[in-house]
Amino acid sequence: MDINLDYLDIKDVKHLHRNISAANLTEFVIKREEGKLSSTGSVVINTGKYTGRSAKDRFIVRDDITGDKVNWGSTNFPIDQDVFDELYGEVVEYLKEKDLFVFDGFVGALKEYTLPIRVVCECAYQALFANQMFIRPEKEELEGFMPQFNVISAPGFKAKVGQRGINSECFILINFSKKIVLIGGTGYSGEIKKSIFSVMNFLLPQKGVMPMHCSANIGKDGKTAIFFGLSGTGKTTLSTDPGRKLIGDDEHGWCDEGVFNFEGGCYAKTINLDREKEREIYEAIKFGTILENVVLKEDRTPDYEDNTYTENTRAAYPIHYVDNIQESGMGGNPNTIIFLTCDAFGVMPPIAKLNAQEAIEHFISGYTSKVAGTERGITEPEATFSACFGEPFMLLNPMVYAELLGEKIEKHKADVYLINTGWIGGGYGKGERIKLSYTRSIVNAAVSGKLRKVNFYKDSIFELFIPESCPGVPSEILNPRNIWDDPEKYDKEALKLKEKITSNFKKYKQ
Ligand SMILES: Nc1ncnc2c1ncn2[C@@H]1O[C@H](COP(=O)(O)OP(=O)(O)O)[C@@H](O)[C@H]1O
Ligand SMILES: C=C(OP(=O)(O)O)C(=O)O
Ligand SMILES: [Mn+2]
């Protein structure tokens, strides 16, 4: 099945490898010395200078389609069409006479909202990434395949310092008129998936579908739970649960029929990965998986403790590498909605119940912290407000997404909980991050409905409803004030955060 890339102006390709198998791609990765084989059978690659997303280098072409729709501001930076054209011309020139690796496939498990995409890669490992992360096509679907969006990724092309309209050698440009995402200067594969996610987040609300930065799974009772959260808050870790079928670990849509995964794979953090604590993820690291920026020991076993390159070490694997999955990538309307927050101040309770109004307010606020590594420049947890728990990927005004969520909570009477997977008993550097086993018990209590039978009381500072008890968790930790050495210090810190939340929320109130 020959394709040509003339419509993208990509000509004189040395050899175009389209949808070749994971085995073939693995072989190319090794042969081209892009990476090494690990003892697990997975390939290990190093993404170079950029080991996380470069949020300040992500631009959207301002044109007739985006001009008055995109929420321009601190996360969505505009760029002019002619600047795009100039860089595009340079990248296309750079790709000439090279071997290129193309992945054709889909985003969005529900046919009605599926976006056919083409990912054109300079590097074999990124084609392997695309193959593992997106929805893989059946053979027949490749005939007459018509991409509706294209990603061109050229990590080896660096923009000139001071080049017009951009910030650095690295750039991620999203162009809706041309249906192209142009990535240069960075080898971090997260940019590929998150830029297509951003495209979906722009397109779907216009069709009445709510796109979400969340993971999702289904219990034995057939009930769906979704877990919103910024990077590092536990979406992947907590949704990968042997007792529940995994729908997806990061990006979903919610329409009248229920929720559907955008992707066909997972992108898990591997720093300090421990087989006992995260067995399903550990076991998914095998032939076909890509390990990014993981250090190998001499005998080629991965050293998950080693953060020499970054804290943001990753494994990308197709979802069926996890044992218990929902093959269709779809689930019913969620019964439980969880907001994951990683509180670096250690003052938020491990779990609180939110009513519909509070849920919307917390969703818009998106209080959490950025954890080290995923974004450039972050080396320790830093408090942040990320609207919709994914502001860097939400191209429209947060209120658009919030209104969709409000309608759905109302209609489906979902239970909403706020879960703190961050610090308790003191802030970062003092207290400790809450034990994963406790968080798992808390999540279990929430999604199984057990918490419906428990009494809740209102805390005096955040005015959040805290359960008096929770199966599997010592009751005294449910209110962090109890475990701070100095309760008055707790009150002071908690009040400070409360004020931050209130003042941040003001900007949405006018
Ligand atoms: N209590 C906890 N809950 C969730 N994750 C935890 C907890 N304590 C430590 N972690 C670690 O935090 C990281 C969460 O990352 P991940 O699940 O990949 O987040 P996301 O998918 O939201 O980006 C994992 O490395 C996990 O092992
Ligand atoms: C891949 C990313 O997301 P997450 O950590 O949420 O999986 C990212 O933000 O680059
Ligand atoms: Mn994740």
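**Strand β20**

I began with strand β20 in this predicted model, and I found both of its faces covered, with R314, A316 and P318 buried on one side and A315 and Y317 buried on the other. The strand spans residues 314-318, and five of its five residues are buried.

I then looked up which strands pair with β20. On one count I noted β16, which pairs with β20 in the antiparallel sense over five bridges, and within that pairing A268 has A315 of β20 as its bridge partner. I also noted β17, residues 290-292, which is joined to β20 by three bridges and likewise runs antiparallel to it; here the bridge partner of I290 in β20 is A316.

**The five-strand sheet**

Following these pairings outward, I arrived at an open sheet of five strands in the order β2-β3-β17-β20-β16, in which the pairing is mixed. At its edges I recorded β2 (35-37) and β16, each of which pairs on one side only. On average, neighbouring strands of this sheet are turned by 25° against each other, direction ignored. Helix α1, residues 22-31, packs on this sheet and touches β2 and β3 (43-45), its direction making about 45° with that of β3. I also found α3 lying across β2, β3, β16, β17 and β20, where it runs at about 55° to β20.

**The eight-strand sheet**

Helix α3 led me to a second set of strands, since I also found this helix, residues 124-133, lying across β6 (99-107), β7 (115-121) and β8, at about 10° to β6. These strands belong to an open sheet of eight, ordered β1-β6-β7-β8-β10-β9-β4-β5, with mixed pairing. I asked myself why one side of β1 and of β5 is left without a neighbour in the sheet. The reason I wrote down is that β1 (15-18) and β5 (77-79) stand at the edges and each has a single partner strand. From one strand to the next, the twist in this sheet averages 20°.

Within the eight-strand sheet I looked at one pairing in detail: β8 (residues 149-154) and β10 (residues 180-184) run parallel and are joined by five bridges, and N150 stands opposite I180 in β10. Helix α4, residues 190-203, lies across β6, β7, β8, β9 (171-175) and β10, and I noted that it runs at about 155° to β8.

**Ligand 1**

I next listed what surrounds ligand 1, which has 17 residues around it, with G234, K235, T236, T237 and T421 coming nearest. The elements that give two or more residues to this shell are α5 (235-239), β16 (265-269) and α9 (436-447), and α5 contributes four residues, the largest share. Sorted by class, the shell around ligand 1 holds five nonpolar, nine polar and three charged residues.

**Ligand 2**

For ligand 2 I recorded a shell made of R53, G190, K194, S231, G232, K235, T236, D250, Y267 and T374. Helices α4 and α5 each supply at least two of its residues. By class, I entered one nonpolar, five polar and four charged residues for the shell around ligand 2.

**Helix α9**

Having met α9 in the shell around ligand 1, I checked its geometry and found that its twelve residues reach 16 Å from first C-alpha to last, close to the 16 Å expected at 1.5 Å a residue. Its buried residues are T439, I442, V443, N444, A445, A446 and V447, and what covers them includes β12 (224-228), α5, β22 (336-341), β23 (351-354) and β26 (415-420). After the helix comes G449, which has a positive phi near 90°.

**Positive phi outside glycine**

Lastly I looked up two residues that have a positive phi although neither is a glycine, with D9 at about 70° and C388 at about 60°. D9 sits in the segment before β1, whereas C388 is found in the loop between β25 (382-385) and α8 (398-412). Is each of these residues buried or exposed? I entered D9 as exposed, because 12 other C-beta atoms lie within 10 Å of its own, and C388 as buried, because it has 26 other C-beta atoms within 10 Å.

Technical notes
Residues numbered from 1 in each chain as written. Chains lettered and ligands numbered in written order. Predicted model: local features only at pLDDT ≥ 70, side-chain atom pairs only at ≥ 80, totals over all residues. Near = placed C-beta within 6 Å. Nonpolar A, V, L, I, M, F, W, Y, C, P; charged D, E, K, R; others polar. Pairing = 2+ DSSP bridges. Axes fitted to C-alpha atoms, helices over the stretch in contact; angles between N-to-C directions. Contact = placed C-beta atoms within 7 Å. Buried ≥ 20, exposed ≤ 12 C-beta atoms within 10 Å, placed from the backbone. Expected span 1.5 Å × (residues − 1).
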